[in-house]
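Reader: I have a structure open and would like to learn how to read its features one by one. Could you walk me through it?

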Amino acid sequence: MSTPPWIDTWLTPGRFQKYRNAAGGDAALALALYEWNADLASAFLRDLGHLEIGLRNAYDRALAHHPGVAGDWLDNGNLSVLFPVHFANDKHGNPQDKNATPRGNIATARKHSGYDNGVVPRGKAVAELMFGFWSYLTDDLHEKTLWVKCLHTAYTPGADRAVIHGALSALRALRNRVAHHESIFDRSPESHRRHIIHVAKHLSPELHGHIAAASRLPDLIANRPR
């Protein structure tokens, strides 16, 4: 079955081909898959939004109790404590400060939110920090400087930093694909749903219960067009 011209004009043949391949060449089923992918993306954004807000607020509270922090952890004077200069070679063998990015993220968030000018609540600056920033805090590099000293308190006892980080890293990649309207139907949606549930469960049993009860993902995943 040929693809209707309006679909090629709308999506381009190259973009639609992935869905045609998954549908065994059936254009009608491919379009249904495309719409299902859009529904999945919408449902993931809802659940990821709930998780991200819970995550950043939990981390904000935990970072405030870092033993090396004086005053607000967002203050410039605390950045060298939380994110000290740490050089490591990049893939080209050039030394790179791996903590330059989070320090820059905080400086940008302070500036763009208006926090540096004292015109907004500090929560505005916290909200300016993106999911990528928060997910980076559980990296191996920060095990002793952040996880051991304060971040573990954001989770229920026994939470495994490496497992949490793996889940957050996978969710960050998924979120980026969703934000750019890319396919996720072929990216193990059930695994990513479980990542959300896993992190939420360790952040807060109540948050986990709310996300699990309200999520549209289980029904959507179970009803893939065939």
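Author: Happily! Let us begin with one contact: the backbone oxygen of Leu-74 lies 2.9 Å from a polar atom of the Arg-110 side chain. Please keep in mind that this is a predicted model, where local features need pLDDT of at least 70 and side-chain atom pairs count only at pLDDT 80 or more, while totals for chains, interfaces and linings use all residues. Residues are numbered from 1 along each chain as its sequence is written, and side-chain values use heavy atoms, with hydrogens and water left out.

Reader: What is the general idea of a polar contact, and which side chain does Arg-110 meet in one?

Author: A polar contact is a pair of N or O atoms within 3.5 Å; within protein, one must be able to donate a hydrogen and the other to accept it, and residues adjacent in sequence count only if both atoms are side-chain atoms. Here the side chain of Arg-110 makes such a contact with the side chain of Asp-116, at 2.6 Å. Arg-110 itself sits in helix H5, residues 100-113.

Reader: Is Arg-110 buried or exposed?

Author: The general idea is relative accessible area: buried means under 20%, exposed over 50%, and partly exposed in between, with a 1.4 Å probe and protein chains only. Arg-110 counts as buried because its relative accessibility is 10%. For its surroundings we use contact, meaning heavy atoms within 4.5 Å. Not counting residues up to four places away in sequence, Arg-110 touches Leu-74, Asp-75, Asn-76, Tyr-115, Asp-116 and Ala-125.

Reader: How many helices and strands does the protein have?

Author: Helices (H or I, at least four residues) and strands (E, at least two) are DSSP runs, numbered from the N terminus. This protein has twelve helices and two strands. Read from the N terminus, their order is α-α-α-α-β-β-α-α-α-α-α-α-α-α. The C-alpha trace spans about 65 × 40 × 40 Å along its principal axes.

Reader: What should helix H10 span, going by its 15 residues?

Author: The expected span of a helix is 1.5 Å times one less than its number of residues. H10 covers residues 189-203, so its 15 residues should span 21 Å, and its end C-alpha atoms are indeed 21 Å apart.

Reader: Which residues of H10 are buried, and what covers them?

Author: The buried ones are Pro-189, His-192, Ile-196, Ile-197, Val-199, Ala-200, His-202 and Leu-203. Their cover includes helices H3 (27-63), H9 (161-179), H11 (205-214) and H12 (217-222). For a view from the H3 side, try Leu-51, which is found in that helix. Leu-51 is buried, with a relative accessible area of 0%. Leaving aside neighbours within four places in sequence, Leu-51 is in contact with Leu-171, Ile-196, Val-199, Ala-200, Leu-203 and Ile-211. The C-alpha atoms of Leu-51 and Ile-196 are 7.1 Å apart, although 145 residues separate the two along the chain.

Reader: How many salt bridges does a search of the whole structure find?

Author: A salt bridge is a side-chain nitrogen of Lys or Arg within 4 Å of a carboxyl oxygen of Asp or Glu. The search finds eleven. One of them joins Lys-18 and Asp-186, at 3.3 Å from N to O. This pair links distant parts of the chain, with Lys-18 in helix H2 (residues 13-22) and Asp-186 in the loop between H9 and H10, 168 residues apart. Lys-18 is partly exposed at 34%, and Asp-186 is partly exposed at 35%.

Reader: Where do Arg-175 and Glu-52 lie?

Author: Their side chains meet in a salt bridge at 3.2 Å, N to O. Arg-175 is in helix H9 and Glu-52 in helix H3, 123 residues apart. Glu-52 counts as buried at 8%, whereas Arg-175 is partly exposed at 28%.

Reader: Which parts does the pair of Arg-122 and Asp-72 tie together?

Author: In this salt bridge the closest N and O atoms are 2.9 Å apart. Arg-122 lies in helix H6 (residues 122-128) and Asp-72 in the loop between H3 and helix H4 (76-82), so the pair ties together parts that are 50 residues apart in sequence. Salt bridges that share partners join Asp-60, Asp-72 and Arg-122 into one network.

Reader: What share of the protein's residues is buried?

Author: Buried residues make up 41% of the 226. Among contacts with a separation of 6 or more, 64% come from residues 24 or more positions apart.
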